[in-house]
Amino acid sequence: MTIQFLNLFMDWFHKLKFRLFGWLIFGTSRKVRQLNKSLKSAERKIKHSKRQHQRELTNSINKAENERKISRRKHHQELLDKTQEINRLNEENSDLKGQNLLWRERHDELKKQRRTDMSEWKESWVNPLEEEIFNLKEEIAALRHRASQLMVLEIEEESQAPNNVVEALSRADLECQSLFFYTDAYKAAKDCIYEDFERVLNTLRTVDQCAEIWFNEIEGTGSFEDVLRAKSLDIAPSESRSAIQRHPRIFYHRLEGDSRSKQMLNHIKLGVSRNPERTMRIHYSANRANQIIEIGYCGEHLPL
């Protein structure tokens with residue numbers, strides 16, 4: 001019985017073994033089939049993805065190529081437009097150069113003609129007039145010098161020296177052809193108590209002589225003050241700001257039919273003392289064009 005049971009058990013075990021082995025083989029085959037199926041599906045997906053990626057890459061390349069062609073055509077058109085613009089500007093520049101050359105030739109021709117005309121005009125009109133003016137100036141200077149000598153002789157015969165500042169101005173007004181006295185000068189002289197009357201007259205005579213010298217000099221060679229200083233006169237070419245604020249040094253000439261005023265800062269100093277009897281100032285204005293020396297003030301020292 002034991003042997004029979006053992007045989008039955010062994011028989012059952014062999015059947016079970018074959019069944020288990022069959023199940024194992026079946027399960028393994030099934031799993032292999034599933035894996036093969038998954039592998040094929042994955043391969044199909046890879047092939048599909050690869051084809052799709054290739055199509056996208058091809059589309060991108062084509063798109064980039066189209067854009068490059070469009071950009072190239074656009075750049076080529078712009079380059080063509082720029083070339084045409086440069087050619088047009090070159091043509092305009094060439095035309096302008098031609099016009100500039102014509103204008104320059106015209107300018108040189110007119111300039112040459114102008115020099116010729118100016119030379120002819122100067123030779124025909126200016127040079128004779130300048131020569132005539134020079135001769136007239138020499139004649140006027142000679143006449144003034146002669147008149148001054150005659151006037152001095154006549155005055156010396158009448159009196160040796162003036163008796164006051166007003167008389168000194170009056171004699172200078174008669175003798176000196178280049179001096180013009182404002183009424184303010186006589187007014188100041190009337191109130192002036194400066195005691196050296198003869199010095200006043202001689203100073204004004206010196207101013208008149210310096211004026212004749214200065215008028216005959218070429219313009220630009222020197223100022224009137226330079227000529228006065230050469231004659232040892234004490235000249236002040238200006239006034240301080242505080243002095244002008246206290247008295248503007250504007251003097252007036254008031255006569256019927258002749259009224260004028262002018263600021264005269266230049267002045268001749270007679271004496272340096274604060275004593276009015278020993279100090280006097282003569283304010284003047286020199287005009288070479290009109291050949292006149294205007295005397296605006298002859299009196300005591302004005303406020304500082």
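**Figure 1. The whole chain, before we zoom in.** Of the 304 residues in the protein chain, 23% count as buried. Keep in mind that this is a predicted model. The chain's secondary structure adds up to 6 helices and 7 strands, and going along the sequence they come in the pattern α-α-β-α-α-α-β-α-β-β-β-β-β. Take the contacts with a separation of 6 or more: residues 24 or more positions apart account for 59% of them. As for the outside, the protein chain exposes about 22,800 Å², with carbon and sulfur atoms supplying 55% of that.

**Figure 2. The open sheet, strand by strand.** Here we look at an open sheet of 5 strands, laid out in the order 1-7-6-5-2 with mixed pairing. Strand 1 (179-181) and strand 2 (235-236) are the edge strands, each pairing on one side only. For anyone tracing the ladder: strands of a sheet pair through backbone hydrogen bonds, either parallel or antiparallel. Starting from the strand 2 edge, 2 bridges connect strand 2 to strand 5, and these two run antiparallel. I235 has I268 of strand 5 as its bridge partner. I268 turns up again on the way to strand 6, where it stands opposite I282. Strand 5 (residues 267-270) and strand 6 are antiparallel too, joined by 4 bridges.

**Figure 3. Strand 6 and its hairpin with strand 7.** This view stays with strand 6 (residues 280-287), where 6 of the 8 residues are buried, so the rest of the structure largely encloses this strand. Strand 6 runs antiparallel to strand 7 (residues 292-299), and 7 bridges hook the two together. One bridge to pick out is R281, whose partner in strand 7 is G299. The hairpin these strands make has 4 residues between them, and in it Q291 takes a positive phi near 50 degrees. When following side chains here, remember that in a regular strand they alternate between the two faces of the sheet.

**Figure 4. Helix 3 and its two sides.** Which residues of helix 3 are buried? In this helix (residues 183-191), they are D184, A185, A188 and A189. Looking down the axis of helix 3, these buried residues fall within an arc of 135 degrees, so they line one face of the helix. The spacing makes sense, because an α-helix has 3.6 residues a turn, so residues three or four places apart point the same way. On the other side of helix 3 sit K187, K190 and D191, which are exposed. And what do the buried residues of helix 3 pack against? Their neighbours are helix 2 (165-175), strand 3 (250-255) and strand 7.

**Figure 5. Aromatic pairs, with two edge-to-face examples.** The count comes to 6 aromatic pairs. One of them is F180 with Y182, an edge-to-face pair at 6.1 Å centre to centre with 80 degrees between the planes. F180 is partly exposed, at 22% relative accessibility, while Y182 is buried, with a relative accessible area of 0%. F224 and Y284 form another edge-to-face pair, at 5.8 Å centre to centre and 80 degrees between the planes. F224 belongs to helix 5 (residues 224-230) and Y284 to strand 6, so this pair ties together parts that are 60 residues apart in sequence. F224 and Y284 are both buried. Ring pairs also link W214, F215, F224 and Y284 into a cluster.

**Figure 6. What surrounds Y284.** Y284 lies in strand 6 and is buried, at 2% relative accessibility. Leaving out residues up to four places away in sequence, Y284 touches F224, E225 and L228, among others. Its contacts also include I235, M264, N266, H267 and I268, as well as I293, E294 and I295. For a sense of scale, the C-alpha atoms of Y284 and K262 are separated by 9.6 Å, with the two residues 22 apart along the chain.

**Figure 7. A charge over a ring.** The last close-up shows R254 and Y252. R254 has its charged end over the ring of Y252, 4.3 Å from the ring's centre.

Technical notes
Residues numbered from 1 in each chain as written. Predicted model: local features only at pLDDT ≥ 70, side-chain atom pairs only at ≥ 80, totals over all residues. Heavy atoms only, no water. Buried < 20%, exposed > 50% of the residue type's maximum accessible area, 1.4 Å probe, protein only. Pairing = 2+ DSSP bridges. Arc of directions from axis to C-beta. Contact = heavy atoms within 4.5 Å. Phe/Tyr/Trp six-rings, centres within 6.5 Å; stacked < 30°, edge-to-face > 60°. Lys NZ or Arg CZ within 6 Å of the ring centre and 35° of its normal. Areas by Shrake-Rupley, 256 points an atom, 1.4 Å probe, with all protein chains shown as cover.
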